[in-house]
Amino acid sequence: MNRRRSTSLAGNPLLIGAVTTLIAIVAVYLSYNANNGLPFTPTYSLKAELPEAAGLQTSDDVRMGGTRVGTVDSITAHQDPKTGRLTAIVGMKLEKGVEPLPADTTLIVQSVSALGLKYLRLNKGTSGQTLKAGATIPVSQAREPVEIQDLFNMFDPKTRTANQENLNTFGDAFAGRGLGLNETIATLRPLVTNAIPVLHNLASRQTNLRGLFIALERGASEVAPVAQQQADFFSNLDTFFTAFAGVAPSLEATIEGAPPAMHQAIHSLPFEAPFIEKSTRFMALLRPSARELASAASPLGHAFAVGTVTLREATEVNKLLAPASKALEEFAGNPIVNQGLVDLTQTAQAGNPLVAGLAPAQATCNYFSLFFRNIASVLAGSNGAGTMARVAPLVSPLGPNNEGGPSSAPANGPSVDKRVGSAAVIDDNHLHSNPYPNVAAPGQPQVCEAGNQGYIAGKTVIGNVPGPVGAAREPTTRSQSLTGQTYPSATLKDLGISGSSKKAGKK
(Lines give C-alpha, C1' and ligand atoms only; values in the text may rest on other atoms or scores of the structure.)
Protein backbone atom coordinates (compact mmCIF):
# COMPACT_ATOMS: atom_id res chain seq x y z
CA MET A 1 0.00 0.00 0.00
CA ASN A 2 1.51 3.35 -1.05
CA ARG A 3 1.89 6.17 1.47
CA ARG A 4 -0.07 9.34 0.65
CA ARG A 5 2.30 12.23 -0.44
CA SER A 6 1.99 15.28 1.84
CA THR A 7 1.21 18.60 0.03
CA SER A 8 1.07 20.91 3.11
CA LEU A 9 3.37 23.96 3.68
CA ALA A 10 5.19 22.18 6.46
CA GLY A 11 6.16 19.41 4.12
CA ASN A 12 7.86 21.79 1.61
CA PRO A 13 11.26 22.91 2.92
CA LEU A 14 11.86 25.23 -0.03
CA LEU A 15 8.69 27.14 0.56
CA ILE A 16 9.41 27.36 4.26
CA GLY A 17 12.85 28.85 3.53
CA ALA A 18 11.43 31.42 1.11
CA VAL A 19 8.80 32.59 3.58
CA THR A 20 11.40 32.83 6.33
CA THR A 21 13.69 34.88 4.11
CA LEU A 22 10.81 37.24 3.18
CA ILE A 23 9.87 37.75 6.82
CA ALA A 24 13.50 38.53 7.67
CA ILE A 25 13.74 41.08 4.84
CA VAL A 26 10.52 42.80 5.97
CA ALA A 27 11.74 42.88 9.57
CA VAL A 28 15.07 44.40 8.54
CA TYR A 29 13.33 47.01 6.37
CA LEU A 30 10.94 47.94 9.15
CA SER A 31 13.73 48.20 11.69
CA TYR A 32 15.83 50.32 9.31
CA ASN A 33 13.00 52.77 8.62
CA ALA A 34 11.59 52.74 12.10
CA ASN A 35 13.15 56.16 12.80
CA ASN A 36 11.31 57.64 9.79
CA GLY A 37 7.97 56.22 10.90
CA LEU A 38 6.19 53.09 10.11
CA PRO A 39 4.85 52.76 6.57
CA PHE A 40 1.18 53.31 5.90
CA THR A 41 0.91 55.30 9.16
CA PRO A 42 -0.73 58.79 8.81
CA THR A 43 1.45 61.73 9.99
CA TYR A 44 1.09 65.49 10.71
CA SER A 45 3.67 67.19 8.45
CA LEU A 46 5.09 70.62 9.33
CA LYS A 47 8.09 72.72 8.36
CA ALA A 48 10.20 75.05 10.47
CA GLU A 49 12.72 77.75 9.58
CA LEU A 50 15.76 77.70 11.86
CA PRO A 51 18.64 80.21 12.09
CA GLU A 52 20.95 77.22 11.55
CA ALA A 53 20.65 73.42 11.62
CA ALA A 54 23.10 73.31 14.60
CA GLY A 55 24.13 69.72 13.82
CA LEU A 56 20.56 68.44 13.40
CA GLN A 57 20.21 65.52 10.98
CA THR A 58 17.41 63.68 9.28
CA SER A 59 15.73 60.97 11.37
CA ASP A 60 16.55 62.88 14.57
CA ASP A 61 13.77 62.99 17.12
CA VAL A 62 11.18 65.70 17.48
CA ARG A 63 10.16 65.94 21.12
CA MET A 64 7.55 67.90 23.02
CA GLY A 65 7.55 67.90 26.79
CA GLY A 66 10.32 65.28 26.74
CA THR A 67 8.21 62.82 24.71
CA ARG A 68 9.03 61.77 21.16
CA VAL A 69 6.24 63.00 18.87
CA GLY A 70 7.90 62.65 15.45
CA THR A 71 11.07 62.73 13.42
CA VAL A 72 13.02 65.11 11.24
CA ASP A 73 12.21 64.24 7.64
CA SER A 74 14.41 66.69 5.68
CA ILE A 75 16.87 69.57 6.07
CA THR A 76 17.49 72.08 3.27
CA ALA A 77 19.30 75.41 3.11
CA HIS A 78 17.37 78.55 2.17
CA GLN A 79 18.56 82.08 1.29
CA ASP A 80 16.22 85.06 1.61
CA PRO A 81 16.24 86.83 -1.81
CA LYS A 82 15.71 90.25 -0.16
CA THR A 83 18.16 90.19 2.75
CA GLY A 84 20.48 87.38 1.62
CA ARG A 85 20.18 85.72 5.05
CA LEU A 86 20.82 81.95 5.14
CA THR A 87 18.47 79.73 7.17
CA ALA A 88 17.68 76.02 7.42
CA ILE A 89 14.25 74.63 6.45
CA VAL A 90 13.51 71.51 8.53
CA GLY A 91 10.71 69.13 7.50
CA MET A 92 8.97 67.24 10.35
CA LYS A 93 6.66 64.23 10.43
CA LEU A 94 4.66 64.33 13.62
CA GLU A 95 2.11 62.00 15.14
CA LYS A 96 -1.50 62.75 14.39
CA GLY A 97 -2.18 62.93 18.08
CA VAL A 98 -0.47 66.34 18.39
CA GLU A 99 -2.40 67.90 15.51
CA PRO A 100 -3.09 70.78 15.40
CA LEU A 101 -0.36 72.80 17.10
CA PRO A 102 -0.95 76.47 18.08
CA ALA A 103 0.46 79.06 15.66
CA ASP A 104 2.78 80.55 18.34
CA THR A 105 4.56 77.26 18.97
CA THR A 106 8.32 77.77 19.36
CA LEU A 107 11.19 75.35 18.78
CA ILE A 108 14.87 74.93 19.57
CA VAL A 109 17.62 72.46 18.69
CA GLN A 110 19.05 70.81 21.82
CA SER A 111 21.63 68.13 22.60
CA VAL A 112 20.68 64.67 23.85
CA SER A 113 24.08 64.33 25.49
CA ALA A 114 27.54 65.79 25.41
CA LEU A 115 28.45 63.42 22.57
CA GLY A 116 26.68 65.61 20.07
CA LEU A 117 23.38 63.81 19.29
CA LYS A 118 20.64 66.42 18.70
CA TYR A 119 16.86 66.57 18.76
CA LEU A 120 14.28 69.24 17.93
CA ARG A 121 12.20 70.36 20.88
CA LEU A 122 8.76 71.91 20.37
CA ASN A 123 7.29 74.29 22.98
CA LYS A 124 3.53 74.28 22.55
CA GLY A 125 2.03 77.75 22.41
CA THR A 126 -1.29 79.16 23.62
CA SER A 127 -2.64 80.92 20.50
CA GLY A 128 -6.15 80.23 19.29
CA GLN A 129 -4.87 79.98 15.73
CA THR A 130 -3.39 76.65 14.65
CA LEU A 131 -0.82 75.37 12.14
CA LYS A 132 -2.31 73.44 9.27
CA ALA A 133 -0.50 70.45 7.76
CA GLY A 134 2.31 71.66 5.50
CA ALA A 135 2.61 75.07 7.26
CA THR A 136 5.99 76.58 8.11
CA ILE A 137 6.94 77.91 11.54
CA PRO A 138 8.78 81.24 10.92
CA VAL A 139 12.36 81.82 12.02
CA SER A 140 11.18 84.47 14.53
CA GLN A 141 9.71 81.61 16.62
CA ALA A 142 12.93 79.57 16.57
CA ARG A 143 15.49 80.12 19.30
CA GLU A 144 19.17 79.68 18.61
CA PRO A 145 20.75 77.28 21.11
CA VAL A 146 23.98 77.82 22.99
CA GLU A 147 26.14 74.79 22.33
CA ILE A 148 28.68 73.44 24.75
CA GLN A 149 31.38 73.98 22.14
CA ASP A 150 30.37 77.65 22.00
CA LEU A 151 30.93 77.81 25.76
CA PHE A 152 34.33 76.20 25.44
CA ASN A 153 35.23 78.41 22.46
CA MET A 154 35.09 81.44 24.77
CA PHE A 155 38.25 80.24 26.43
CA ASP A 156 40.63 80.90 23.56
CA PRO A 157 44.38 81.34 24.22
CA LYS A 158 44.05 85.08 24.85
CA THR A 159 41.21 84.57 27.31
CA ARG A 160 43.04 81.82 29.15
CA THR A 161 46.14 83.99 29.47
CA ALA A 162 43.99 86.88 30.76
CA ASN A 163 42.34 84.56 33.30
CA GLN A 164 45.73 83.48 34.59
CA GLU A 165 46.78 87.09 35.02
CA ASN A 166 43.49 87.86 36.79
CA LEU A 167 43.93 84.96 39.16
CA ASN A 168 47.45 86.08 39.99
CA THR A 169 46.21 89.63 40.56
CA PHE A 170 43.32 88.43 42.73
CA GLY A 171 45.73 86.29 44.72
CA ASP A 172 47.96 89.27 45.35
CA ALA A 173 44.90 91.31 46.29
CA PHE A 174 43.69 88.78 48.89
CA ALA A 175 47.12 87.99 50.31
CA GLY A 176 47.44 89.25 53.89
CA ARG A 177 43.83 90.46 54.01
CA GLY A 178 42.28 87.55 55.85
CA LEU A 179 41.18 89.69 58.79
CA GLY A 180 39.54 92.18 56.48
CA LEU A 181 37.75 89.36 54.62
CA ASN A 182 36.48 87.92 57.89
CA GLU A 183 35.11 91.31 58.89
CA THR A 184 33.52 91.66 55.50
CA ILE A 185 31.86 88.24 55.77
CA ALA A 186 30.60 89.10 59.25
CA THR A 187 29.20 92.37 57.93
CA LEU A 188 27.50 90.58 55.05
CA ARG A 189 25.58 88.27 57.39
CA PRO A 190 22.70 90.77 57.96
CA LEU A 191 22.52 91.24 54.21
CA VAL A 192 22.13 87.50 53.68
CA THR A 193 19.52 87.31 56.43
CA ASN A 194 17.49 90.12 54.90
CA ALA A 195 17.95 88.67 51.43
CA ILE A 196 16.04 85.48 52.32
CA PRO A 197 12.52 87.03 51.99
CA VAL A 198 13.68 88.84 48.87
CA LEU A 199 14.82 85.58 47.32
CA HIS A 200 11.52 83.94 48.35
CA ASN A 201 9.71 86.66 46.46
CA LEU A 202 11.94 86.17 43.45
CA ALA A 203 11.34 82.42 43.54
CA SER A 204 7.56 82.85 43.71
CA ARG A 205 5.62 82.02 40.56
CA GLN A 206 3.73 85.27 40.92
CA THR A 207 7.00 87.19 40.46
CA ASN A 208 7.57 85.43 37.12
CA LEU A 209 11.33 85.81 37.27
CA ARG A 210 11.57 83.32 34.42
CA GLY A 211 9.53 85.68 32.27
CA LEU A 212 12.07 88.41 32.95
CA PHE A 213 14.89 86.40 31.43
CA ILE A 214 12.66 85.33 28.54
CA ALA A 215 11.89 89.00 27.88
CA LEU A 216 15.59 89.85 28.14
CA GLU A 217 16.37 87.10 25.66
CA ARG A 218 13.73 88.41 23.27
CA GLY A 219 15.02 91.94 23.65
CA ALA A 220 18.57 90.77 22.96
CA SER A 221 17.37 88.87 19.88
CA GLU A 222 15.61 92.01 18.63
CA VAL A 223 18.68 94.24 18.97
CA ALA A 224 21.15 91.62 17.70
CA PRO A 225 20.66 92.62 13.99
CA VAL A 226 21.51 96.25 14.87
CA ALA A 227 24.47 95.48 17.13
CA GLN A 228 26.87 97.42 14.90
CA GLN A 229 24.56 100.42 14.87
CA GLN A 230 24.35 100.24 18.67
CA ALA A 231 28.13 100.19 18.90
CA ASP A 232 28.33 103.16 16.52
CA PHE A 233 25.75 104.90 18.67
CA PHE A 234 27.95 104.67 21.76
CA SER A 235 30.97 105.81 19.72
CA ASN A 236 29.00 108.80 18.53
CA LEU A 237 27.89 109.47 22.09
CA ASP A 238 31.53 109.54 23.14
CA THR A 239 32.27 112.05 20.38
CA PHE A 240 29.28 114.15 21.42
CA PHE A 241 30.09 114.19 25.12
CA THR A 242 33.74 114.98 24.37
CA ALA A 243 32.61 118.08 22.48
CA PHE A 244 29.97 118.71 25.16
CA ALA A 245 32.67 118.75 27.86
CA GLY A 246 34.43 121.57 26.01
CA VAL A 247 31.45 123.90 26.52
CA ALA A 248 30.67 122.69 30.03
CA PRO A 249 31.90 125.94 31.72
CA SER A 250 29.65 128.01 29.46
CA LEU A 251 26.70 125.74 30.17
CA GLU A 252 27.42 125.97 33.87
CA ALA A 253 27.39 129.76 33.69
CA THR A 254 24.17 129.60 31.67
CA ILE A 255 22.50 127.35 34.23
CA GLU A 256 23.63 129.58 37.09
CA GLY A 257 22.20 132.63 35.35
CA ALA A 258 18.97 130.89 34.39
CA PRO A 259 17.06 131.36 37.73
CA PRO A 260 17.54 135.17 37.81
CA ALA A 261 16.67 135.34 34.12
CA MET A 262 13.52 133.28 34.69
CA HIS A 263 12.55 135.45 37.64
CA GLN A 264 13.05 138.57 35.54
CA ALA A 265 11.11 136.99 32.67
CA ILE A 266 8.15 136.29 34.99
CA HIS A 267 8.12 139.98 35.86
CA SER A 268 8.81 141.34 32.35
CA LEU A 269 6.78 139.09 30.05
CA PRO A 270 3.36 140.53 31.10
CA PHE A 271 4.65 143.99 30.16
CA GLU A 272 6.02 142.69 26.85
CA ALA A 273 2.69 141.21 25.78
CA PRO A 274 1.26 144.58 24.56
CA PHE A 275 4.52 145.25 22.71
CA ILE A 276 4.28 141.86 20.97
CA GLU A 277 0.65 142.50 20.03
CA LYS A 278 1.50 145.91 18.60
CA SER A 279 4.50 144.41 16.82
CA THR A 280 2.17 141.86 15.25
CA ARG A 281 -0.12 144.60 13.97
CA PHE A 282 2.91 146.59 12.83
CA MET A 283 4.23 143.62 10.85
CA ALA A 284 0.80 143.17 9.26
CA LEU A 285 0.85 146.84 8.20
CA LEU A 286 4.46 146.47 7.05
CA ARG A 287 3.62 143.58 4.72
CA PRO A 288 2.68 145.80 1.70
CA SER A 289 5.95 147.71 2.14
CA ALA A 290 7.84 144.42 2.24
CA ARG A 291 6.34 143.51 -1.14
CA GLU A 292 7.65 146.78 -2.56
CA LEU A 293 11.08 146.07 -1.08
CA ALA A 294 11.94 143.92 -4.11
CA SER A 295 11.93 146.96 -6.39
CA ALA A 296 13.49 149.24 -3.78
CA ALA A 297 16.27 146.81 -2.85
CA SER A 298 18.78 148.22 -5.35
CA PRO A 299 18.57 151.91 -4.32
CA LEU A 300 18.33 150.82 -0.68
CA GLY A 301 21.55 148.84 -1.06
CA HIS A 302 23.21 151.88 -2.63
CA ALA A 303 21.99 153.99 0.30
CA PHE A 304 23.49 151.51 2.77
CA ALA A 305 26.78 151.52 0.85
CA VAL A 306 26.94 155.33 0.93
CA GLY A 307 25.73 155.36 4.53
CA THR A 308 28.57 153.07 5.55
CA VAL A 309 31.11 155.60 4.28
CA THR A 310 29.21 158.42 5.99
CA LEU A 311 29.10 156.55 9.30
CA ARG A 312 32.81 155.83 9.04
CA GLU A 313 33.47 159.56 8.59
CA ALA A 314 31.03 160.33 11.42
CA THR A 315 33.46 158.77 13.88
CA GLU A 316 35.44 162.00 14.07
CA VAL A 317 32.21 163.90 14.60
CA ASN A 318 31.29 161.57 17.44
CA LYS A 319 34.65 162.25 19.11
CA LEU A 320 33.86 165.98 19.07
CA LEU A 321 30.24 165.48 20.03
CA ALA A 322 30.98 164.63 23.66
CA PRO A 323 32.87 167.87 24.48
CA ALA A 324 30.31 169.82 22.45
CA SER A 325 27.47 168.23 24.42
CA LYS A 326 29.27 169.00 27.68
CA ALA A 327 29.75 172.63 26.62
CA LEU A 328 26.08 172.79 25.63
CA GLU A 329 25.14 171.41 29.05
CA GLU A 330 27.23 174.07 30.80
CA PHE A 331 25.76 176.74 28.52
CA ALA A 332 22.24 175.56 29.29
CA GLY A 333 22.97 175.66 33.03
CA ASN A 334 24.05 179.31 32.91
CA PRO A 335 21.29 181.45 34.51
CA ILE A 336 22.03 184.31 32.12
CA VAL A 337 21.28 181.99 29.20
CA ASN A 338 17.99 180.99 30.78
CA GLN A 339 17.04 184.64 31.22
CA GLY A 340 18.07 185.34 27.63
CA LEU A 341 15.89 182.49 26.43
CA VAL A 342 12.97 183.91 28.39
CA ASP A 343 13.53 187.32 26.77
CA LEU A 344 13.89 185.70 23.37
CA THR A 345 10.62 183.84 23.92
CA GLN A 346 8.85 187.07 24.79
CA THR A 347 10.39 188.78 21.76
CA ALA A 348 9.25 185.91 19.52
CA GLN A 349 5.76 186.10 20.98
CA ALA A 350 5.64 189.87 20.39
CA GLY A 351 7.03 189.56 16.85
CA ASN A 352 4.94 186.58 15.88
CA PRO A 353 2.03 188.70 14.41
CA LEU A 354 4.55 190.75 12.36
CA VAL A 355 6.28 187.61 11.09
CA ALA A 356 2.92 185.98 10.40
CA GLY A 357 1.99 188.97 8.23
CA LEU A 358 5.33 189.30 6.41
CA ALA A 359 6.15 185.61 5.93
CA PRO A 360 3.58 184.96 3.15
CA ALA A 361 4.91 187.97 1.19
CA GLN A 362 8.27 186.18 1.00
CA ALA A 363 7.16 182.52 0.97
CA THR A 364 4.47 183.03 -1.70
CA CYS A 365 5.55 186.15 -3.64
CA ASN A 366 9.37 186.34 -3.02
CA TYR A 367 9.17 190.14 -2.57
CA PHE A 368 12.01 190.53 -0.05
CA SER A 369 14.48 188.52 -2.14
CA LEU A 370 13.59 190.56 -5.21
CA PHE A 371 13.95 193.82 -3.29
CA PHE A 372 17.45 193.07 -1.98
CA ARG A 373 18.52 191.58 -5.30
CA ASN A 374 17.46 194.71 -7.18
CA ILE A 375 19.05 196.99 -4.57
CA ALA A 376 22.31 195.13 -5.16
CA SER A 377 22.02 195.64 -8.92
CA VAL A 378 21.34 199.39 -8.68
CA LEU A 379 25.05 200.16 -8.30
CA ALA A 380 26.19 197.44 -10.66
CA GLY A 381 27.86 198.20 -13.96
CA SER A 382 30.94 200.11 -15.10
CA ASN A 383 32.38 203.22 -13.28
CA GLY A 384 30.08 202.66 -10.33
CA ALA A 385 27.20 204.40 -12.10
CA GLY A 386 25.36 201.18 -12.62
CA THR A 387 21.73 201.14 -13.46
CA MET A 388 21.26 204.77 -12.44
CA ALA A 389 22.84 205.81 -15.76
CA ARG A 390 19.97 204.21 -17.64
CA VAL A 391 17.16 206.06 -15.83
CA ALA A 392 14.91 207.80 -18.35
CA PRO A 393 12.84 210.92 -17.36
CA LEU A 394 9.04 210.68 -17.63
CA VAL A 395 6.97 213.79 -18.43
CA SER A 396 3.86 214.15 -16.33
CA PRO A 397 0.60 214.16 -18.29
CA LEU A 398 -1.17 217.48 -18.66
CA GLY A 399 -4.62 217.99 -17.21
CA PRO A 400 -6.50 218.92 -14.05
CA ASN A 401 -4.68 218.01 -10.82
CA ASN A 402 -1.74 216.51 -12.75
CA GLU A 403 1.67 215.81 -11.23
CA GLY A 404 3.27 218.81 -12.92
CA GLY A 405 2.15 221.15 -10.12
CA PRO A 406 0.08 221.44 -6.96
CA SER A 407 -3.26 219.67 -7.02
CA SER A 408 -6.34 219.83 -4.84
CA ALA A 409 -7.68 216.38 -5.72
CA PRO A 410 -6.55 213.10 -7.29
CA ALA A 411 -6.00 213.32 -11.03
CA ASN A 412 -9.18 212.08 -12.65
CA GLY A 413 -8.79 213.26 -16.30
CA PRO A 414 -9.25 214.48 -18.80
CA SER A 415 -5.83 214.54 -20.47
CA VAL A 416 -4.84 217.36 -22.79
CA ASP A 417 -1.77 215.65 -24.26
CA LYS A 418 -1.73 215.49 -28.01
CA ARG A 419 -0.50 212.38 -29.75
CA VAL A 420 2.35 213.32 -32.06
CA GLY A 421 1.12 213.51 -35.63
CA SER A 422 -2.52 213.10 -34.61
CA ALA A 423 -5.26 215.20 -33.03
CA ALA A 424 -6.40 212.33 -30.75
CA VAL A 425 -6.31 212.93 -26.97
CA ILE A 426 -4.49 210.36 -24.78
CA ASP A 427 -6.67 209.95 -21.70
CA ASP A 428 -3.84 209.12 -19.23
CA ASN A 429 -4.34 211.84 -16.59
CA HIS A 430 -5.76 209.38 -14.04
CA LEU A 431 -4.27 208.49 -10.69
CA HIS A 432 -3.45 204.78 -10.09
CA SER A 433 -2.30 204.16 -6.52
CA ASN A 434 -2.42 200.96 -4.43
CA PRO A 435 -0.49 201.54 -1.18
CA TYR A 436 -1.59 198.15 0.34
CA PRO A 437 -1.65 195.54 -2.45
CA ASN A 438 -2.56 191.89 -1.78
CA VAL A 439 0.60 189.95 -0.93
CA ALA A 440 -0.98 186.62 0.24
CA ALA A 441 -1.02 187.86 3.86
CA PRO A 442 -3.44 186.33 6.36
CA GLY A 443 -7.01 187.32 5.43
CA GLN A 444 -5.98 188.32 1.86
CA PRO A 445 -6.43 186.42 -1.40
CA GLN A 446 -3.47 184.14 -2.20
CA VAL A 447 -2.23 186.36 -5.08
CA CYS A 448 0.84 188.55 -5.58
CA GLU A 449 -0.90 191.77 -6.66
CA ALA A 450 2.10 194.14 -6.37
CA GLY A 451 3.88 194.06 -9.71
CA ASN A 452 1.08 192.07 -11.42
CA GLN A 453 -1.77 194.62 -11.63
CA GLY A 454 -2.36 196.16 -15.04
CA TYR A 455 -3.03 199.78 -16.03
CA ILE A 456 -6.68 200.60 -16.63
CA ALA A 457 -6.80 203.42 -19.18
CA GLY A 458 -9.29 206.24 -18.78
CA LYS A 459 -10.12 205.41 -15.15
CA THR A 460 -8.82 206.45 -11.75
CA VAL A 461 -7.97 203.46 -9.52
CA ILE A 462 -7.10 203.91 -5.85
CA GLY A 463 -6.58 200.69 -3.81
CA ASN A 464 -6.84 197.14 -5.10
CA VAL A 465 -7.34 196.71 -8.81
CA PRO A 466 -10.84 195.44 -9.62
CA GLY A 467 -11.06 192.06 -11.34
CA PRO A 468 -8.62 189.17 -11.41
CA VAL A 469 -4.90 189.77 -10.92
CA GLY A 470 -2.17 187.70 -12.51
CA ALA A 471 -0.48 185.05 -10.33
CA ALA A 472 2.99 185.36 -11.89
CA ARG A 473 5.94 185.50 -9.49
CA GLU A 474 9.70 185.65 -10.07
CA PRO A 475 11.67 183.14 -7.96
CA THR A 476 15.29 183.66 -6.96
CA THR A 477 17.36 180.51 -7.37
CA ARG A 478 20.03 179.39 -4.87
CA SER A 479 22.73 179.53 -7.54
CA GLN A 480 21.98 183.20 -8.20
CA SER A 481 22.38 184.00 -4.52
CA LEU A 482 25.61 181.98 -4.10
CA THR A 483 27.36 183.39 -7.22
CA GLY A 484 26.34 187.00 -6.52
CA GLN A 485 24.71 187.29 -9.95
CA THR A 486 23.35 190.79 -10.67
CA TYR A 487 20.72 191.94 -13.04
CA PRO A 488 20.85 194.71 -15.66
CA SER A 489 18.08 196.81 -14.28
CA ALA A 490 15.69 197.27 -11.42
CA THR A 491 12.27 198.27 -12.52
CA LEU A 492 9.45 199.56 -10.41
CA LYS A 493 7.78 196.21 -10.86
CA ASP A 494 10.88 194.42 -9.43
CA LEU A 495 10.82 196.75 -6.40
CA GLY A 496 7.25 195.77 -5.64
CA ILE A 497 5.85 199.17 -6.82
CA SER A 498 3.17 199.33 -9.48
CA GLY A 499 4.83 200.32 -12.73
CA SER A 500 1.48 201.40 -14.18
CA SER A 501 0.91 204.17 -11.67
CA LYS A 502 1.16 207.69 -13.11
CA LYS A 503 0.46 209.30 -9.75
CA ALA A 504 2.27 207.03 -7.29
CA GLY A 505 1.78 208.40 -3.78
CA LYS A 506 -0.45 211.29 -5.04
CA LYS A 507 -2.75 212.49 -2.31
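**Figure 1. Lining of the second largest cavity.** In this predicted model, the residues that line the second largest cavity divide into five nonpolar, no polar and three charged. They are L50, P51, E52, A54, V109, R143, E144 and P145. The space they enclose has a volume of about 30 Å³. Two cavities of 30 Å³ or more are counted in the model.

**Figure 2. K118 and its surroundings.** Let's turn to strand β7, where K118 has its place. Is K118 buried or exposed? With a relative accessible area of 8%, K118 counts as buried, because the cut-off for that class is under 20%. Setting aside neighbours within four places in sequence, K118 is in contact with A54, G55, L56, D60, V109, Q110, S111, V112 and E147. Of these partners, A54 and V109 also belong to the lining of the second largest cavity.

**Figure 3. The largest pocket.** This open space has a volume of about 860 Å³. Its lining is made of 22 residues, and S140, A142, R143, E217 and S221 lie nearest the centre. Two or more lining residues come from each of β7, β10 (142-143) and α5 (209-223). Which element gives the largest share of the lining? That is α5, with seven residues. By class, the lining of the largest pocket holds seven nonpolar, five polar and 10 charged residues. R143 is worth finding in this view, since R143 is named both here, among the residues nearest the pocket centre, and in the lining of the second largest cavity.

**Figure 4. Where helix α6 meets helix α7.** Helix α6 spans residues 227-246 and helix α7 spans residues 248-333. Their axes come within 4 Å and cross at roughly 65°. On the α6 side the contact is made by F244, A245 and G246, and on the α7 side by A248, P249 and L251. Sorted by class, this contact has five nonpolar residues, one polar and no charged.

**Figure 5. Helix α3 and the glycine after it.** How many residues does helix α3 have? Helix α3 runs over residues 157-174 and has 18 residues. From its first C-alpha to its last, α3 reaches 26 Å, close to the 26 Å expected at 1.5 Å a residue. After α3 comes G176, with a positive phi near 75°.

**Figure 6. A cis peptide bond before P100.** The peptide bond from E99 to P100 is cis, and its omega is near -5°. P100 sits in the loop that runs between β4 (86-95) and β5 (101-102).

**Figure 7. Two exposed loop residues.** Here are two loop positions to look at side by side. P42 is in the loop between α1 (13-32) and β1 (43-50). P42 has a relative accessible area of 59%, so it counts as exposed, the cut-off being over 50%. Along the chain P42 and E95 are 53 residues apart, while their C-alpha atoms are separated by 7.6 Å. G128 is in the loop between β7 (118-123) and β8 (130-131). G128 is exposed too, with a relative accessible area of 77%. From C-alpha to C-alpha, G128 and D104 are 9.0 Å apart in space, with their positions 24 residues apart in sequence.

**Figure 8. Two asparagines with positive phi.** N366 is a residue other than glycine with a positive phi, near 65°. Its place is in the loop between α8 (335-363) and α9 (367-378). The relative accessible area of N366 is 5%, so N366 is buried. N401 is not a glycine either, and its phi is positive at about 60°. N401 lies in the loop between α9 and β11 (432-433). Is N401 buried or partly exposed? N401 counts as partly exposed because its relative accessibility is 24%, between the cut-offs of 20% and 50%.

**Figure 9. The chain as a whole.** To place the close-ups, step back to the full protein chain. Its secondary structure comes to 10 helices and 12 strands. Of the 507 residues in the protein chain, 19% are buried. Taking contacts between residues at least 6 apart in sequence, 59% join residues at least 24 apart.

Conventions. Residues are numbered from 1 along each chain as its sequence is written. This is a predicted model: local features need pLDDT of at least 70, side-chain atom pairs count only at pLDDT 80 or more; totals for chains, interfaces and linings use all residues. Side-chain values use heavy atoms; hydrogens and water are left out. On a 1 Å grid over the protein atoms alone, a cavity is a set of points where a 1.4 Å probe fits but cannot get out, and a pocket is an open set with protein on both sides within 12 Å along at least five of seven lines; lining residues have an atom within 4 Å of a point. Grid points are joined across faces, edges and corners, and a volume is the space filled by probe spheres set on the points. Ala, Val, Leu, Ile, Met, Phe, Trp, Tyr, Cys and Pro count as nonpolar, Asp, Glu, Lys and Arg as charged, and the others, Gly among them, as polar. Axes are lines fitted to C-alpha atoms, for helices over the stretch in contact, and angles run from 0 to 180 degrees between N-to-C directions. Contact means heavy atoms within 4.5 Å. Buried means under 20% relative accessible area, exposed over 50%, partly exposed in between (1.4 Å probe, protein chains only). The expected span of a helix is 1.5 Å times one less than its number of residues.
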